[in-house]
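Biologist: Please take a close look at one buried acidic position and work outward from there. I would like a connected account of what surrounds it.

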Amino acid sequence: MPAFIRMLLLRCCAAGLLAFGLPGPARAQHPDPRLDAINRDIWMPFSRAWAALDDTAYLRLHTADFVRVSAGGPFIGGLAAYAAQEQRFFSAMRAQGSTVRISFRFLERIANDSLASERGIYETIIQRPGGAPAASYGKFHVIHRRTAAGWRILVDYDSDEGGTIGAESFRAAKGMEE
């Protein structure tokens, strides 16, 4: 099945709908309930916030003592500096009338009842009005902390590994439910 059709079906299923408005199948769950909770608390709202260009919803997924490292920037900073950077990005995308989609696949997922470490590959697709979709890829390593409000991102590191991370790396990683 072509990737764009698979992505469309996944998005429709996540919304509980299939083409023609029929109810979709139940969302697949990860066999580890902690990872299923992380999918529900982090990855699904993360993707929805980016698609909606909702920086407020996106930033709520992070802890107050969050640390961000972006090797490609390079950037290292706390929540306030990262929030300012992300608000500029989301604002620019809204002003341009662009759409943004982000998806995640995983290389490693380790969790206990209070902390989790996940490494994987992300794919970001930006569609600017009148332009072709532009995809970018990177490798991430996040550390989550379980809080009273659910799982939140404590540390987020990403890199494109010198331009070596691409669509092939993304496809080779595991899906959220695997």
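**D156 and its surroundings**

Modeller: Beyond the residues within four places in sequence, D156 is in contact with F66, V67, R68 and V69, and also with F140, H141 and V142. The model is a predicted one. D156 itself sits in strand β6. D156 counts as buried because its relative accessibility is 6%, under the 20% limit. Its side chain makes a polar contact with the side chain of R68, at 2.9 Å.

R68 leads on to a pocket. This pocket is the second largest, with a volume of about 470 Å³. It is lined by 24 residues, and R68 is one of those closest to its centre, together with W50, Y122, T124 and D158. The lining draws at least two residues from each of α2 (33-52), β1 (62-70), α4 (79-96), β3 (99-111), β4 (115-127), β5 (134-147) and β6 (150-159). The largest share, 5 residues, is supplied by β5. Sorted by class, the lining holds 12 nonpolar, 7 polar and 5 charged residues.

Two residues already named lead on to the nonpolar interior. F140, a contact of D156, and W50, one of the residues closest to the pocket centre, are both among the residues with the most contacts inside the largest nonpolar core. That core has 31 residues, and the others with the most contacts in it are I38, W43, F46, Y58 and F104. Two or more of its residues come from each of α2, α3 (55-59), α4, β3, β4, β5 and β6. The largest share of the core, 8 residues, belongs to α2. Y58 touches W50 and F46, as well as A49, Y82, E86 and F90, when residues up to four places away in sequence are not counted. A separate core of 5 residues lies apart from this one and includes I121, Y137, F170 and A173.

Helix α2 also holds S47. Outside its neighbours within four places in sequence, S47 is in contact with I102 and F104. The S47 side chain reaches the backbone oxygen of I102 at 3.2 Å. F104 is 57 residues away from S47 in sequence, but the two C-alpha atoms are 8.7 Å apart.

For the chain as a whole, the order of elements is α-α-α-β-β-α-β-β-β-β-α, with 5 helices and 6 strands. Of its 178 residues, 39% are buried. Among contacts with a separation of 6 or more, 57% join residues 24 or more positions apart.

Some backbone features remain. Most residues other than glycine have a negative phi, and most peptide bonds are trans. The bond from G73 to P74 is cis, with omega near -20°, and P74 is in the loop between β1 and β2 (75-78). L53, in the loop between α2 and α3, has a positive phi, near 55°. E161 also has a phi near 55° and lies in the loop between β6 and α5 (167-172). L53 is buried, at a relative accessible area of 10%, whereas E161 is partly exposed, at 36%.

Technical notes: Residues numbered from 1 in each chain as written. Predicted model: local features only at pLDDT ≥ 70, side-chain atom pairs only at ≥ 80, totals over all residues. Heavy atoms only, no water. 1 Å grid on protein atoms, 1.4 Å probe; cavity = no way out; pocket = protein on both sides within 12 Å on 5 of 7 lines; lining within 4 Å. Points joined across faces, edges and corners; volume = space filled by probe spheres on them. Helix = DSSP H or I, 4+ residues; strand = E, 2+ residues; numbered from the N terminus. Nonpolar A, V, L, I, M, F, W, Y, C, P; charged D, E, K, R; others polar. Buried < 20%, exposed > 50% of the residue type's maximum accessible area, 1.4 Å probe, protein only. Polar contact = N/O pair within 3.5 Å; in protein donor to acceptor, adjacent residues only side chain to side chain. Contact = heavy atoms within 4.5 Å. Core = buried A, V, L, I, M, F, W, Y, C linked by side-chain atoms within 4.5 Å.
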